[in-house]
Amino acid sequence: MIKNHSNINLKSQERPLVIRSSLKQLKKDLPNSTFIQPHRSYIINIEHIQSWDKSSISIANNVIPISRNNKEAILNQLDSFYDEASIK
């Protein structure tokens, strides 16, 4: 039995891919410029966000909460990413 690991569903256009890893390890392996962790249970690709407000993010017709502890950093990262994207 592996401790502190979860099944993680990675959604792609083809089919969901299930990997066995901790979110902490997955976050280390993903580029910080593209992936954010708005809540301890979620890591999301910033490029697929449909909308956000001060308490949640909408992605793929799902609403992901933004934790109170990470709120300021997450909102700043979203603002920075989309400001830069609109310049390009």
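Thr 34 is buried in this predicted model, since its relative accessible area comes to 16%, below the 20% cut-off for a buried residue. The residue sits in the loop that runs between α1 (23-29) and β3. Leaving aside residues up to four places away in sequence, Thr 34 touches Ile 44, Asn 45, Ile 46 and Glu 47.

Right after that loop comes a hairpin, in which two residues link β3 to β4. Strand β3 covers residues 35-39 and β4 covers residues 42-45. The two run antiparallel and are held to each other by three bridges. At one spot in this pairing, His 39 of β3 faces Tyr 42 of β4.

Further along the chain there is an open sheet of three strands, laid out in the order β5-β6-β7 with antiparallel pairing. The edges are taken by β5 (49-52) and β7 (62-65), each of which pairs on one side only. On average, and with direction ignored, neighbouring strands here are turned by 25 degrees against each other. As for β6 (residues 56-59), four bridges tie this strand to β7; among the residues involved, Ser 56 has Pro 65 as its bridge partner in β7.

Now for the greasy part. In soluble globular proteins, nonpolar side chains tend to be buried together. The largest nonpolar core in this model counts 11 residues: Ile 36, Ile 44, Ile 46, Ile 49, Ile 57, Ile 59, Ile 64, Ile 66, Ile 74, Leu 75 and Leu 78. Two elements, β6 and α2 (71-87), give two or more residues to this core, and α2 gives the most, with three. Leu 78 is a handy residue to look at here: with residues up to four places away in sequence left out, Leu 78 touches Ile 36, Ile 46, Ile 49 and Ile 57, along with Trp 52.

Trp 52 also turns up among the aromatics, where ring pairs link Trp 52, Phe 81 and Tyr 82 into a cluster. The structure has two aromatic pairs. One of them is made by Phe 81 and Tyr 82, with 5.0 Å from centre to centre and 80 degrees between the planes. This pair counts as edge-to-face because planes over 60 degrees apart fall in that class. Tyr 82 itself is partly exposed, because its relative accessible area of 25% lies between the 20% limit for buried and the 50% limit for exposed residues.

Definitions and conventions
Residues numbered from 1 in each chain as written. Predicted model: local features only at pLDDT ≥ 70, side-chain atom pairs only at ≥ 80, totals over all residues. Heavy atoms only, no water. Pairing = 2+ DSSP bridges. Axes fitted to C-alpha atoms, helices over the stretch in contact; angles between N-to-C directions. Core = buried A, V, L, I, M, F, W, Y, C linked by side-chain atoms within 4.5 Å. Buried < 20%, exposed > 50% of the residue type's maximum accessible area, 1.4 Å probe, protein only. Contact = heavy atoms within 4.5 Å. Phe/Tyr/Trp six-rings, centres within 6.5 Å; stacked < 30°, edge-to-face > 60°.
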